[in-house]
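Hi,

Here is the structure I promised to send over. Have a look at it first, and then read on for what turned up when I went through it.

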Amino acid sequence: MKVSYSISRSSSEDIDSTAPGKFLKGDSSIINGSEVAACLWPPARGNYVLDAYEDEYGGIIIKSEGLPWNANEFASSLRASLSQWKVEAKKGVWLKLPLDRSDFVPIAVKEGFKYHHAEQKYVMLTYWIPEGPCLLPGNASHQVGVGGFVMNDKNEVLVVQEKYCASTFAGLWKLPTGFILESEEIFSGAVREVEEETGRSEQFFAACSPYFLTILQIDTEFVEVIAFRHAHHLAFGKSDLFFICMLRPLSSQIKIDELEIQAAKWMPLSEFVEQPSIQGDNMFKKIIDICIARLGKRYCGLAARQWMPLSEFVEQPSIQGDNMFKKIIDICIARLGKRYCGLAARQVISKFDGRSSSLYYNVVEPQDFNCQGT
């Protein structure tokens with residue numbers, strides 16, 4: 001099992017960005033709960049240990065705000081720092097280089113640092129000191145998407161049609177979908193994707209896919225997660241989780257972004273289901289079958305809840321104060337009593353990407369029923 005490292009971000013109030021020749025701090029610093037005296041920037045040709053602090057796993061996090069501006073100074077200081085940390089038997093070293101220090105990347109790589117991940121404003125590199133395999137956690141392995149199944153009281157489903165599409169998918173009507181944002185809940189992301197203009201960058205990854213990219217505005221509220229799909233080796237080789245959510249419409253007027261969406265409308269459910277693109281695709285057809293089963297109360301989705309009655313198992317002192325664990329155990333007990341339907345994995349191939357994916361959903365076929373949802 002890989003060690004989970006927690007990368008803390010230092011406040012700009014704690015670390016002053018200073019040029020060489022200036023004090024790094026005007027007073028003492030707190031590193032791992034201990035006071036460390038302030039230090040002066042050394043001359044450009046001097047060797048000194050880079051300003052850093054230790055994480056809770058015995059690793060080192062270099063403060064990017066305290067990095068020197070001179071490349072030669074950075075190179076000599078990085079070598080001196082690694083030598084010092086090796087003597088101190090430190091473990092992983094995290095180096096965050098902002099855009100204005102991008103010229104330091106080849107220097108760090110030459111010293112043995114490896115790429116970890118990159119964002120718009122920085123690149124993160126790591127260095128593993130101990131002998132043996134690196135135990136630092138890898139970068140995020142998944143992207144998360146959501147799709148909204150929105151049905152009105154006229155038995156019509158909300159659908160969209162992409163403006164820029166391969167000829168294979170021309171005229172395809174699909175569910176509104178998109179990606180979850182950082183630190184966003186699945187249920188709120190599903191509502192946002194249906195409500196707001198989103199996904200300009202996502203078109204690069206999956207234009208005209210039935211699973212991604214939504215641009216329209218309509219108010220909805222989250223009901224529950226119907227099912228989710230798990231696929232691998234998609235954008236940039238990452239895995240993908242796609243959650244199909246049932247949403248309740250709070251408005252009916254549709255507004256679209258004409259730059260991205262060709263059309264959006266309320267379509268009769270029967271007409272939507274009979275589209276050749278759905279009937280001829282096992283994955284997408286199964287998703288729609290699940291949604292229809294939920295409408296007919298023959299299927300139990302996953303609602304967003306936080307509280308559940310206690311069971312005997314939850315009475316253990318070790319979990320008395322943990323609401324999340326109590327909920328998990330109660331779900332397990334309910335499943336044993338056939339009062340809950342779990343999500344089983346089914347392998348289905350979609351013609352849109354030709355890949356086999358794991359679609360996690362509750363049972364829909366009557367012959368497969370072994371539980372009774374409430």
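**Overall picture**

Among the contacts in the protein chain with a separation of 6 or more, 64% are between residues 24 or more positions apart. Please keep in mind that this is a predicted model. The protein chain has eight helices and 17 strands. Of its 374 residues, 45% are buried. Its accessible surface comes to about 20,200 Å², and carbon and sulfur atoms account for 52% of that.

**The two sheets**

Before the details, one bit of background: strands of a sheet pair through backbone hydrogen bonds, and they do so either parallel or antiparallel.

One open sheet has six strands with mixed pairing, and if you walk across it the order is β10-β8-β13-β12-β17-β16. At its edges stand β10 (177-179) and β16, each with a single partner strand, so each has one side without a neighbour in the sheet. Neighbouring strands here are turned by 30° against each other on average, direction ignored. Inside this sheet, β8 (residues 142-150) and β13 (residues 239-249) run parallel and are joined by nine bridges. If you want a spot to click on, try Val-150, whose bridge partner in β13 is Leu-247.

Another open sheet, this one of five strands, also has mixed pairing, in the order β3-β4-β5-β7-β6. The edge strands are β3 (52-54) and β6 (114-119), and each of them pairs on one side only. From one strand to the next, the twist averages 20°. Strand β3 runs antiparallel to β4 (residues 60-62), with three bridges between them. Tyr-53 has Ile-61 as its bridge partner in β4.

**Aromatic rings**

How many aromatic pairs does the structure hold? There are five, and I'll go through two of them.

Phe-74 and Phe-104 are stacked, at 4.3 Å centre to centre with 10° between the planes. Phe-74 belongs to helix α1 (residues 71-87), while Phe-104 is in the loop between β5 (92-98) and α2 (105-110), so this pair ties together parts that are 30 residues apart in sequence. Are these two rings' residues buried or exposed? Phe-74 is buried, with a relative accessible area of 0%, and Phe-104 is buried with a value of 0% as well.

Phe-187 and Phe-222 make a tilted pair, with 5.8 Å centre to centre and 50° between the planes. This pair also links distant parts of the chain: Phe-187 is in helix α3 (residues 186-195) and Phe-222 in strand β12 (residues 220-231), 35 residues apart. Phe-187 is partly exposed at 35% relative accessible area. Phe-222 counts as buried, because its relative accessibility of 19% falls under the 20% cut-off.

**Charges over rings**

Two spots to look at here. Lys-96 has its charged end over the ring of Tyr-122, 4.5 Å from the ring centre. The charged end of Arg-101 sits over the ring of Trp-69, 3.5 Å from its centre.

**A cysteine to look at**

Cys-341 is in the loop between α8 (323-336) and β16 (344-349). With 3% relative accessibility, Cys-341 counts as buried. Cys-300 is 41 residues away from Cys-341 along the chain, yet their C-alpha atoms are separated by 6.6 Å.

Cheers

Definitions and conventions
Residues numbered from 1 in each chain as written. Predicted model: local features only at pLDDT ≥ 70, side-chain atom pairs only at ≥ 80, totals over all residues. Heavy atoms only, no water. Phe/Tyr/Trp six-rings, centres within 6.5 Å; stacked < 30°, edge-to-face > 60°. Helix = DSSP H or I, 4+ residues; strand = E, 2+ residues; numbered from the N terminus. Buried < 20%, exposed > 50% of the residue type's maximum accessible area, 1.4 Å probe, protein only. Lys NZ or Arg CZ within 6 Å of the ring centre and 35° of its normal. Contact = heavy atoms within 4.5 Å. Areas by Shrake-Rupley, 256 points an atom, 1.4 Å probe, with all protein chains shown as cover. Pairing = 2+ DSSP bridges. Axes fitted to C-alpha atoms, helices over the stretch in contact; angles between N-to-C directions.
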